[in-house]
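Biologist: I am new to this structure and should like to go through it step by step. May I put some questions to you?

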Amino acid sequence: MNYNVNENGFYGNYGGAYIPEILYKTVEDLKNCYLPIINSDGFKKEFHALLKDYVGRPSPLYFAKRMSEKYGCQLYLKREDLNHTGAHKINNALGQILLAKKMGKKRIIAETGAGQHGVATATVCALMNMPCTIFMGALDVERQHVNVERMKMLGATVHPVESGNKTLKDGTNEAIREWCCNPADTFYIIGSTVGPHPYPDMVARLQSVISEEIKWQLEEKIGRDYPDYMMACVGGGSNAAGTIYHYLNDERVRFILGEAGGLGINTDMTAASLEVGTTGILHGSRIKLMQTEDGQMIEPYSISAGLDYPGTGPLHCNLYETGRAQVLAANDDEALRAAFELTRLEGIIPALESAHALALLPKVASQFKEDDVVVLTVSGRGDKDLDTYLSHQECMM
Ligand SMILES: *Cc1c(COP(=O)(O)O)cnc(C)c1O
């Protein structure tokens, strides 16, 4: 089996580019030039220099001794929380803005829900001196006030969207509308492995620096360049895609992915779109998404703002459907407990999103043998989630 995208932009039954006619040429241009550009020596040199000196890569691969003892395996944490701006999203934003410049684009637009991708995009726009407009649901603007202030401080224009539920999907719809109005000079930086082809593949490749580093870091630490298991949380899918990219077709490595169960996958307060979603088209791509029988989107729910996207990218839909990845939901309370546990056992306060990967450890520990090597990606740091942690101290052991 090959789990990479095929020449038509599909991963098995998922993916493709379902876009309005007016965007056809823009997306076609991107499709034709993203690979030649990102594989060129000039791009690679500039991207890797910035990843090193601006983002702070390589991110450490840390052997978590106390957590390993607790879960009966050799657990290594890939520390994306130590990146500039506090998560993995900067890897992708940086790659896309370099691509935008090489394509001669003059302005950047992006959508954001929790504000993390908005901050990453505003950051690289400041760095590259590009005008930046961020579309964000008006409700999210209220809920994520600090990130909105960050984006403004970085020089971005934040455009609150008043339509629909005033959340991520509405911000995305507005960003797409704006893109349709100015397709020639505008580059749309999408924040995860979602959207029309080639975005999912492009974002996965830009994030694949994570697994490229894991390869040599494992070789250095354990004398072989692959683990037995890899674990990550999944919202749209980009940190997971980056983690597993170079092992996709290496069946010695098993993948365990955590999506947001919210209050439970049997309630309507969930964001576990792989487990409860059905096939449909959202934001230009055929994916599994949360929708009613007549195709109305259901608002997702998770305590973690970065995971409450109503769908999951096409790569992960295919990994789920084929059984290549084991997908489990972690509920709010389980993620909270996992965040407190990592904090107390290793002195690392993770992002709530990342805690959804950590929360799978108690669920899957019985699969592990003592010497199994498990790499788990800590996608971001928890500073932004401190208020949530403080109001749920009952989950502290
Ligand atoms: C946005 C975000 C996620 C979820 O996005 P993916 O594309 O699934 O990686 C996970 N962790 C953190 C810290 C985030 O900011």
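The following exchange concerns a predicted model.

Biologist: Which residues come nearest to the ligand?

Modeller: The ligand is surrounded by 18 residues. Of these, the nearest are Lys 89, Ser 192, Gly 235, Ser 238 and Ser 379.

Biologist: What is the distance from a polar side-chain atom of Ser 379 to a nitrogen atom of the ligand, and how much of the ligand's accessible area does the protein cover?

Modeller: The polar side-chain atom of Ser 379 and the ligand nitrogen are 2.7 Å apart. On its own, the ligand has 380 Å² of accessible area. The part of this area covered by the protein is 97%.

Biologist: How far is an N or O atom in the side chain of Ser 192 from an oxygen atom of the ligand?

Modeller: Oxygen atoms of the ligand are approached by two side chains considered here. For Lys 89, a polar side-chain atom lies 2.7 Å from a ligand oxygen. For the side chain of Ser 192, the distance is 2.5 Å.

Biologist: How many residues of the shell around the ligand are polar?

Modeller: The shell divides into three classes of residue. Five residues are nonpolar and two are charged. The number of polar residues is eleven.

Biologist: Is Arg 79 buried or exposed?

Modeller: Arg 79 forms a salt bridge with Asp 81, and their closest N and O atoms are 2.8 Å apart. The partner, Asp 81, has a relative accessibility of 3% and counts as buried. For Arg 79 the relative accessible area is 13%, which is under the 20% limit, so Arg 79 is buried.

Biologist: Which residue forms a salt bridge with Asp 372, and is that partner buried or exposed?

Modeller: Asp 372 counts as buried because its relative accessibility is 4%. Its side chain meets that of Lys 369 in a salt bridge with an N to O distance of 4.0 Å. Lys 369 has a relative accessible area of 53%, so this partner is exposed.

Biologist: Are Lys 52 and Asp 53 buried or exposed?

Modeller: Side chains of opposite charge can pair when their charged atoms come close. The side chains of Lys 52 and Asp 53 meet in a salt bridge, at 3.7 Å from N to O. Both Lys 52 and Asp 53 are exposed.

Biologist: How many salt bridges are found in the whole structure?

Modeller: Some salt bridges are linked in a network, which joins Arg 57, Lys 78, Glu 80 and Glu 213. A search of the whole structure gives a total of 23.

Biologist: Which side chain is joined to that of Asp 250 by a polar contact of 2.8 Å?

Modeller: Asp 250 is placed in the loop between α11 (238-244) and β10 (254-262). With a relative accessible area of 16%, Asp 250 is buried. The 2.8 Å polar contact joins its side chain to that of Arg 252.

Biologist: What distance separates the C-alpha atoms of Ala 114 and Ser 304?

Modeller: Ala 114 belongs to the loop between β5 (107-112) and α5 (116-128). Its relative accessibility is 11%, so Ala 114 counts as buried. Although Ala 114 and Ser 304 are 190 residues apart along the chain, their C-alpha atoms are separated by 8.6 Å.

Biologist: In which helix is Leu 386 placed?

Modeller: Together with Ile 349 and Leu 390, Leu 386 makes a nonpolar surface patch of about 250 Å². Leu 386 counts as partly exposed because its relative accessibility is 38%. The helix that holds Leu 386 spans residues 386-390 and is α17.

Definitions and conventions:
Residues numbered from 1 in each chain as written. Predicted model: local features only at pLDDT ≥ 70, side-chain atom pairs only at ≥ 80, totals over all residues. Heavy atoms only, no water. Near = heavy atom within 4 Å. Polar contact = N/O pair within 3.5 Å; in protein donor to acceptor, adjacent residues only side chain to side chain. Areas by Shrake-Rupley, 256 points an atom, 1.4 Å probe, with all protein chains shown as cover. Nonpolar A, V, L, I, M, F, W, Y, C, P; charged D, E, K, R; others polar. Patch = residues over 30% accessible without salt bridge, like charges linked within 9 Å, V, L, I, M, F, W, Y side chains within 5 Å. Helix = DSSP H or I, 4+ residues; strand = E, 2+ residues; numbered from the N terminus. Buried < 20%, exposed > 50% of the residue type's maximum accessible area, 1.4 Å probe, protein only.
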